[in-house]
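Subject: Structure handover

Hello,

Here is the structure for you to load. My notes on it follow below.

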Amino acid sequence: MSLINQTSRSNVSLKPSSRRAETSRVYAHPLPIIFPEPTYKFLGLSLTRPLNPHCTALFDPLTRSAWVPSSGDATLLWQRGFFGKGDLSRSEPSWLARQINARKMKGKALTSEEITAKRRAERKQFKLDRAKAIAAAAAEAETAFNEQGRVIAPGIAPDGTRIIPSAATWKPTSAPTPSEKSPLDVAPDEEEEMEPIQDLEHLQLSLQEAFFLVWALDCLTILHPQTNVSFTLAEIWNTFQNSHIPSLVPQPNAPSPSRFDNPFLVSYVAYHHYRSLGWVVKSGIKFCVDYLLYKRGPVFQHAEFAIVVIPVYEDPEDQANSPFKLQNAEPFTWSWLSTINRVNSQVQKTLVLSYITIPAESRVSPKALSSPACFAHYSVREVVLRRFIPARMRD
């Protein structure tokens, strides 16, 4: 990936090619840590230190996530690796931009959420207009048959044009309301009197993303939600595992249960596996899967692969004695698998079954769970599943 230096966004309107170039500059760095070009070498080794941002987040046990309250840290983590999501946005933290746009721009520069809302409103209006046109055409045809005894083609005007609108010919008609003011009608004094909007949005990191930033990249500090004291790596290790046990209250010094099938460990193995291969890993709950894999990020293209994490116990006795009921650990039905595969094939995503082998407690000592070094005992196997379409695959 390119490591072009970032530049600030321009306020002027950009052409599509310029907009793509600007997007590539803003999201140039694949990780929060930047490795600058070496300026001095000694015995062939670079002495230039990487630039580490050292962001801060608060652990939230209720949502099993870490909150990044600083807007600067949130922007940095999103632009460098697409970590987390805005709690008031679909993906990228854009709540403040939407509020400023609603106040000043009056819909001239729409965000992704506003574009989606506008398209849904237009689609709803199109269906209403089409239903009204169909009802009017049917009433006209019935009246002509009852009064004149002739049959007319419903929905066709005398000149041969279609009365019933179609998706290709229908155009939305939006009339501005009298109460709205355009930006040109607002007086300069009125703009100055506007109070600044407080950014109420924070970046929400999943436990897997937060632990990857803490352990793998060492660029995130997690604070206790009550004392604001920073967690050590051992405390984070225990707290994240305990967060999946409802009977336990997360405590910094509380030891975690020694189980290789802890839901946090199983999901993190899959997350770390694909992140280490260079993929941008995001939640796939929208498409009924665990993760989505992006080649560069959500702002560049859609996800290419949909990941379903399937835990596999090396020793069946561990599953029988486990207090956890892991998702997809039991054999699933073919109807469920066909449903998931059909959903993702309709959105041009390849379904991947990621089998996470959980080591047997009889083979690996539970003492290995005292540190993240236990991840070396897990293994990942992948099966790519494609939907068979007879009309396209006859050859």
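First, a term: a polar contact is a pair of N or O atoms within 3.5 Å, where, within protein, one must be able to donate a hydrogen and the other to accept it. Asparagine 262 fits that description at the N-terminal end of helix H8. Its side-chain oxygen lies 3.0 Å from the backbone nitrogen of phenylalanine 264, and so caps the helix.

Please keep in mind that this is a predicted model.

**Overall**

The protein chain has 395 residues, and 36% of them are buried. It holds 10 helices and 12 strands. Take the contacts between residues at least 6 apart in sequence: 61% of these join residues at least 24 apart.

**Helix H8**

H8 covers residues 263-276, which is 14 residues. From first C-alpha to last, H8 reaches 20 Å. That is close to the 20 Å expected at 1.5 Å a residue.

How many residues of H8 are buried? The count is 10 of the 14, so H8 is largely enclosed by the rest of the structure. An unbroken run goes from Phe264 through Leu265, Val266, Ser267, Tyr268, Val269 and Ala270 to Tyr271. Tyr274 and Arg275 are buried as well. Just after H8, glycine 278 has a positive phi of about 100 degrees.

**Helix H6 and its two partners**

H6 spans residues 207-216. Eight of its 10 residues are buried, so H6 is also largely enclosed by the rest of the structure. The buried set is Leu207, Gln208, Glu209, Ala210, Phe211, Phe212, Leu213 and Val214. Just after H6 comes aspartate 218, with a positive phi of about 55 degrees.

One partner is H7, residues 233-242. The angle between H6 and H7 is about 165 degrees, and their axes are 11 Å apart. That makes the two helices roughly antiparallel. The contact uses Leu207, Ala210, Phe211, Val214 and Trp215 on the H6 side. H7 brings Leu233, Ile236, Trp237 and Phe240. The crossing is left-handed.

A general point helps in reading that list. An α-helix has 3.6 residues a turn, so residues three or four places apart point the same way.

The other partner is H8. Here the angle with H6 is about 65 degrees, with the axes 10 Å apart. H6 supplies Leu207, Gln208, Glu209, Phe211, Phe212, Trp215 and Ala216. H8 supplies Phe264, Ser267, Tyr268, Tyr271, His272 and Arg275. This crossing is right-handed.

**Glutamine 241**

Glutamine 241 sits in H7. Is glutamine 241 buried or exposed? Its relative accessible area is 0%, so it is buried. Its side chain reaches the backbone oxygen of tryptophan 237 at 3.2 Å. Tryptophan 237 is also one of the H7 residues in contact with H6.

Glutamine 241 also leads back to the cap of H8. Its C-alpha is 6.7 Å from that of asparagine 262, although 21 residues separate the two along the chain.

**Two loop residues with positive phi**

Neither of these is a glycine. Phenylalanine 82 has phi near 55 degrees. It is found in the loop between helix H2 (71-79) and strand E5 (85-86). At 2% relative accessibility, phenylalanine 82 counts as buried.

Glutamine 348 has a positive phi of about 60 degrees. Its loop runs between helix H10 (334-346) and strand E11 (350-358). Glutamine 348 is exposed, with a relative accessible area of 67%.

**Two further helix residues**

Arginine 98 is in helix H3, residues 95-105. Buried means under 20% relative accessible area. At 12%, arginine 98 therefore counts as buried. Its side chain makes a polar contact of 3.1 Å with the side chain of serine 89.

Phenylalanine 126 is in helix H4, residues 112-148. At 10% relative accessibility, phenylalanine 126 counts as buried too. Which residues does it touch, leaving aside neighbours within four places in sequence? They are Pro165, Ser166, Ala167 and Trp170. For alanine 167, the C-alpha to C-alpha distance from phenylalanine 126 is 7.7 Å, and the two are 41 residues apart in sequence.

Best wishes

Terms used
Residues numbered from 1 in each chain as written. Predicted model: local features only at pLDDT ≥ 70, side-chain atom pairs only at ≥ 80, totals over all residues. Heavy atoms only, no water. Helix = DSSP H or I, 4+ residues; strand = E, 2+ residues; numbered from the N terminus. Expected span 1.5 Å × (residues − 1). Buried < 20%, exposed > 50% of the residue type's maximum accessible area, 1.4 Å probe, protein only. Axes fitted to C-alpha atoms, helices over the stretch in contact; angles between N-to-C directions. Parallel < 35°, antiparallel > 145°, perpendicular 65-115°, else oblique. Left-handed = near helix turned anticlockwise from the far one by under 90°. Contact = heavy atoms within 4.5 Å.
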